[in-house]
Amino acid sequence: MNIDSDFKLWATLFLCMLMPFLCNAGLVSAKEGEHVHVLTLDHSNFTDTVSKHNFIVVKFYAPWCNFSMKLAPEYEKAASILSSHDPPVILAKIDANDEANEALADEFDIRAFPTLKILRNGGKNIQEYKGPHEADRIVAYMKKQVAPASVEIKSVEDAASLIGENKILIVGIFPQFSGEEFDNFTALTENLRFDYKFGRTLDAKLLPKGGSSVDRPTVRLIKPFDELFVDFQDFNVDALEKFVEEGSLPIVTLFDKDPSNHPFVIKFFDSPNAKAMLFLNFTGNHVDSFKSKFHDVALHNKGKGISFLIADVEASQGPLEYFGFKDDLVPLLFILKNDGQKYLKPNLEPEHIAPWLKQYMDGNLKPFIKSKPIPETNNEPVKVVVAESLHDMVFNSGKNVLLDFYAPWCGLCKKLAPILEEVAVSFENDTDVLIAKLDATENDIPSDNFEVQGYPTLYFKSTSGILLKYDGNKTKEEIIDFIQKNRDQTVQVQPDMTVNDEL
């Protein structure tokens, strides 16, 4: 949901893709320097080397990438300092641009340079490095990562120092730091150490609230909201992870201008649950009633695969715009499922919340489909399809349909448009063929039928219902040839092939 982060990522990828051409043009001359502390790996020694280390950091880089070059001296300096750590912390690198190392780059899902991976337990545990790129801060980050994942709490002061304001702390309470429960807790801390703060103690009375009630190994999740702490005593690692993930999310996440709430908002959107979002004007009428009834519904549906968020419209314009909603729909209750289905209750009153949510949970609501209005006239050679007309014009049309999913701002889409118009004109006497377009920014696309990850994307549906994605060249001749080869009809009308435009 962070537009700035997405933009920076794409900018990074673009610059890294551009860098080889700058190098070839003589505009970039820097190279990875001669490193004496960074261990150099390649396809021949990677697996064997990693298997011998309990903790090793591997930088996947490209020699031509400016970002790789910028990191190189900082990474080397950090490696030099960490080589004196007890035990030494190994920093390594591998040229992911080398053709011989491509399989390793694919295995580790390398999509940008540089990418750092932390490999633990001989490479059995793999985690993305999300830390800084300055030498001193890399050192501090790595020292923290090789330290025990949980801190021992020996006093009330130790506990107080760990329990920060608006932070989550997970504490394992044990009679001794050994045994199956402790081993499983340790596995939990290693798996989630990047995302949570962990402690361990032999005395529950050092922790706030309810210490005397603990009489066996227990994991306590301490949090700054709802019931403030919750205990759990199932030491299956998967069960522990689920407990932590669910328990660290508020019953109702608050999305406002308070930055201390933002980590919980991020966790809300990262959750695998369906998401119920109530957008309100926090200075409007009946806000307390809305919040109270929404909280009651959220509490009633806890553990049922749905998470709840209440958002101040003033602070949440980004999500509203992202989903295509306007302020005049507020108060708005919106449910988003992981399959993309949406459910909408605009301009609701507090008393609408519980019955509408019950209808959803009972499966009695129809999904909301975002759609532009069906055009009153549709006489151009390339016909306009909207979400509401997709079923009739494509799937039930009885025609062979080529459908273009486009974005109005897309340069490639604009270049393709006149070519598709020529294709449509060439089939104007053929009633079995329809050339159509759908604005993918203004209409919902059924993900179970179409995979649209970029624009333009072309799909072809034959009269018999066969659906094919078009991956050929965007020329009039090749598009027409594709249609003719995949269409269903008894008599073919020879199209006009006089124009040859390329995309």
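The accessible surface of the chain in this predicted model comes to about 26800 Å², and carbon and sulfur atoms contribute 50% of that area. Of the 503 residues in the chain, 43% are buried. The fold is built from 15 helices and 20 strands. Among contacts with a separation of 6 or more, 67% join residues 24 or more positions apart.

Helix α14 offers a good place to look in more detail. This helix covers residues 411–426, 16 residues in total, and reaches 24 Å from its first C-alpha to its last, close to the 22 Å expected at 1.5 Å a residue. The path of α14 is bent by about 30° at Ala 417, with a proline, Pro 418, following within four residues. Several positions along the helix are buried: Cys 413, Leu 416, Ile 419, Leu 420, Val 423, Ala 424 and Ser 426. The cover over these buried residues of α14 includes three strands, β17 (400–406), β18 (433–439) and β19 (457–461), together with a helix, α15 (476–486).

Elsewhere in the chain, a single serine is worth a visit. Ser 271 sits in the loop that links α9 (262–270) to β12 (274–280). Ser 271 counts as buried because its relative accessibility is 13%, and the cut-off for buried is under 20%. Once its neighbours within four places in sequence are set aside, Ser 271 is in contact with Ser 307 and Asn 338.

Terms used:
Residues are numbered from 1 along each chain as its sequence is written. This is a predicted model: local features need pLDDT of at least 70, side-chain atom pairs count only at pLDDT 80 or more; totals for chains, interfaces and linings use all residues. Side-chain values use heavy atoms; hydrogens and water are left out. Helices (H or I, at least four residues) and strands (E, at least two) are DSSP runs, numbered from the N terminus. Buried means under 20% relative accessible area, exposed over 50%, partly exposed in between (1.4 Å probe, protein chains only). Contact means heavy atoms within 4.5 Å. The expected span of a helix is 1.5 Å times one less than its number of residues. The bend at a residue is the angle between axes fitted to the seven residues ending there and the seven starting there. Accessible areas come from the Shrake-Rupley method with a 1.4 Å probe; for residues, only the protein chains shown count as cover.
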